[in-house]
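Reader: Please take one part of this model and go through it closely, residue by residue where that helps. After that, connect it to whatever else in the chain deserves a look.

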Amino acid sequence: MEKKLNRKEFFKEGAKYAAGVSAGLMGIQLLGTKEALADTKYTWPLPYTPLDPEAVRILGHDSFWGGYACAYGAFNAIIEALRNAIGAPYTELPTEIMIYGHGGGVGWGTICGALNGASAAISLVCTKPDTDILVNELIGWYTQTLFPSDISNQYAVNHTFTVNNYDQVLPQNESGSPLCHVSVSEWCQHANYKVHDLERKERCARLAGDVAAYAVQILNDHYNGQFTPTYVPPASIATCLACHGQSMLDNVGAKMECMQCHGDPHQTAIGDIPQPIPAHFTVKQNYPNPFNPSTTIEFTLPRSQPVTLEIYNLNGQHIKTLINHKGLSAGNHRIQWDGKDRFGKPVSSGMYYYRVKAGKFNQTKTMMLVR
Ligand code: HEC
Ligand code: HEC
């Protein structure tokens, strides 16, 4: 009889046999593989052991550059760490299974590949109820996190990564969406790079590391019985789902920010003041002003369009994004700023700029915080 292949050899040699060396031989090899499978003690969910999130962050970044990009990068990072910690069955698992996920599915821009890859790793080691909870946290966290993280920016500058194609700090954005398209396009807009620039690829490499690291962090907490979800969905989604969710119309099954694509078709969302549609784009003076600790900014849109509202200090340093390229309806809108920066830290007394961008319009005004 021919030599039997173990699983790993079969995966490696499979293509050769499939190419039709011998149909009979192929049958024998498959039989051998089945026996080998029957011998293994592993059943799903596969074993897990706490991993070092920082080692995984570096692996995620470096795996991205291995040639198969984000989904592979995030998945491979976690599996590689499990290979090192546990060995089989992870040594037998071809992480190339995630290749398709790059660019949100071979460039279709649907779910972020890094989320896809890290979520696949979670599903491999958790039951369905646990997967649902952990992946929900991962996706929710992603929509509210600035990428690339300060840590991975710093790793790049310090050459902590083993692949150093670009070693400068990259601009950060929070996309409010798990979609590759939204995340990447908003970053390109914000950072002023093109999708095919090296800097954008490096941004996604760092993001793949960041997402894999967070997945491992929550897997570790879960393993240690210490996991508590931190993601709180924006109130605007609950507003829409109060009617469109299961308890009423039951015609929408989604947890994404509705307003980002739909605006507010019924003028229901918090902060909207139903009024006649204005003819021009206007940004009003904030009130109260001077203020402490919070103030309200009001603006009007002549038609529904994506809006960005950002706060800067007098040196032009970005303090916080209050509205991030969100589709808003025509009419009046108002939003509060609580005098805190994007890390939740109260900012000091002084003059601040707020800039509202809507389509090709933008307007900047100043305001005064007195503590
Ligand atoms: C008070 C209940 C209620 C709330 C809150 C609500 N909707 Fe609706 N929505 C409806 C009803 C009723 C319809 C019509 C349904 C139908 O025709 O089947 C509708 C229709 C829609 C439609 C279909 C197209 C259109 O423009 O009419 C969209 C899109 C929509 N809603 C999005 C949203 C979004 C986004 C939000 C949150 C900002 C939201 N809805 C909040 C009740 C609500
Ligand atoms: C990524 C963009 C996007 C997001 C986010 C999104 N939708 Fe949609 N939604 C669409 C598109 C595109 C359609 C199909 C549009 C059409 O048929 O006119 C649609 C269809 C709908 C419809 C049926 C429209 C109709 O004409 O009857 C409703 C209702 C709806 N969405 C509500 C919601 C709610 C509520 C949320 C938040 C939980 C949401 N959507 C999130 C893009 C989005």
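Author: The model is predicted, and the part taken here is the surroundings of Q172. This residue lies in the loop between α6 (150-157) and α7 (180-191). Is Q172 buried or exposed? Its relative accessibility is 15%, and the limit for a buried residue is under 20%, so Q172 counts as buried.

Two polar contacts involve the side chain of Q172. In one, a polar atom of that side chain lies 2.9 Å from the backbone oxygen of P148. In the other, the side chain of Q172 meets the side chain of R342 in a polar contact of 3.3 Å. Which residues are in contact with Q172 once its neighbours within four places in sequence are left aside? They are L146, F147, P148, S149, D150, N153, W187, H190 and R342. P148 and R342 thus appear both in this list and as partners in the polar contacts just described.

The loop that holds Q172 has another residue to note. H159 also lies in the loop between α6 and α7. Its phi is positive, about 55 degrees, although H159 is not a glycine. As a general matter, most residues other than glycine have a negative phi, and most peptide bonds are trans. With a relative accessibility of 41%, H159 counts as partly exposed, whereas Q172 is buried at 15%.

A69 is a further non-glycine residue with a positive phi, in this case near 70 degrees. A69 is placed in helix α3, and not in a loop as H159 is. The relative accessible area of A69 is 19%, which is under the 20% limit, so A69 is buried.

The backbone also contains cis peptide bonds. One joins A88 and P89, with omega about 5 degrees. P89 is found in the loop between α3 (53-86) and α4 (113-125). Another cis peptide bond joins N289 and P290, with omega about 0 degrees. P290 belongs to the loop between β2 (282-283) and β3 (295-301).

The ligands come next, beginning with ligand 2. The residues around ligand 2 are L179, C240, L241, H244, N251, V252, A254, M256, E257, C258, C261 and H262. Two elements give two or more residues to this shell, namely α9 (235-244) and α10 (259-262). The largest share, 3 residues, comes from α9. By type, the shell around ligand 2 consists of 8 nonpolar residues, 3 polar and 1 charged.

Which protein residue is a donor to the iron atom of ligand 2? The only one is H262, through NE2 at 2.0 Å. H262 lies in helix α10. A polar side-chain atom of H262 is also 2.8 Å from a nitrogen atom of ligand 2.

Ligand 1 has 13 residues around it, of which T239, C240, C243, H244 and H266 come nearest. In the side chain of H244, an N or O atom is 2.7 Å from a nitrogen atom of ligand 1. Helices α9 and α10 each supply at least two residues of the shell around ligand 1. Here α9 gives the most, with 4 residues. The shell around ligand 1 divides into 6 nonpolar, 6 polar and 1 charged. C240 and H244 are among the residues that come nearest to ligand 1, and both are also listed around ligand 2. Helix α9 likewise leads in both shells, with 4 residues for ligand 1 and 3 for ligand 2.

The last part is a set of paired strands. Strand β4 (residues 305-313) pairs with strand β7 (residues 350-358) in the antiparallel sense, over 7 bridges. In this pair, E310 stands opposite R355 of β7. On β7 there is also a pairing with strand β8 (residues 361-369), again antiparallel, through 9 bridges. Within that pair, Y353 has T366 in β8 as its bridge partner. β7 therefore pairs with both β4 and β8, since at least two bridges are needed for a pair and the counts are 7 and 9. In a regular strand the side chains alternate between the two faces of the sheet. β7 and β8 form a hairpin with 2 residues between them. In the turn, G359 has a positive phi of about 60 degrees. Unlike H159 and A69, this residue is a glycine.

Terms used:
Residues numbered from 1 in each chain as written. Chains lettered and ligands numbered in written order. Predicted model: local features only at pLDDT ≥ 70, side-chain atom pairs only at ≥ 80, totals over all residues. Heavy atoms only, no water. Near = heavy atom within 4 Å. Polar contact = N/O pair within 3.5 Å; in protein donor to acceptor, adjacent residues only side chain to side chain. Nonpolar A, V, L, I, M, F, W, Y, C, P; charged D, E, K, R; others polar. Buried < 20%, exposed > 50% of the residue type's maximum accessible area, 1.4 Å probe, protein only. Contact = heavy atoms within 4.5 Å. Donors = N, O, S within 2.8 Å, 3.2 Å for Na, K, Ca; no water.
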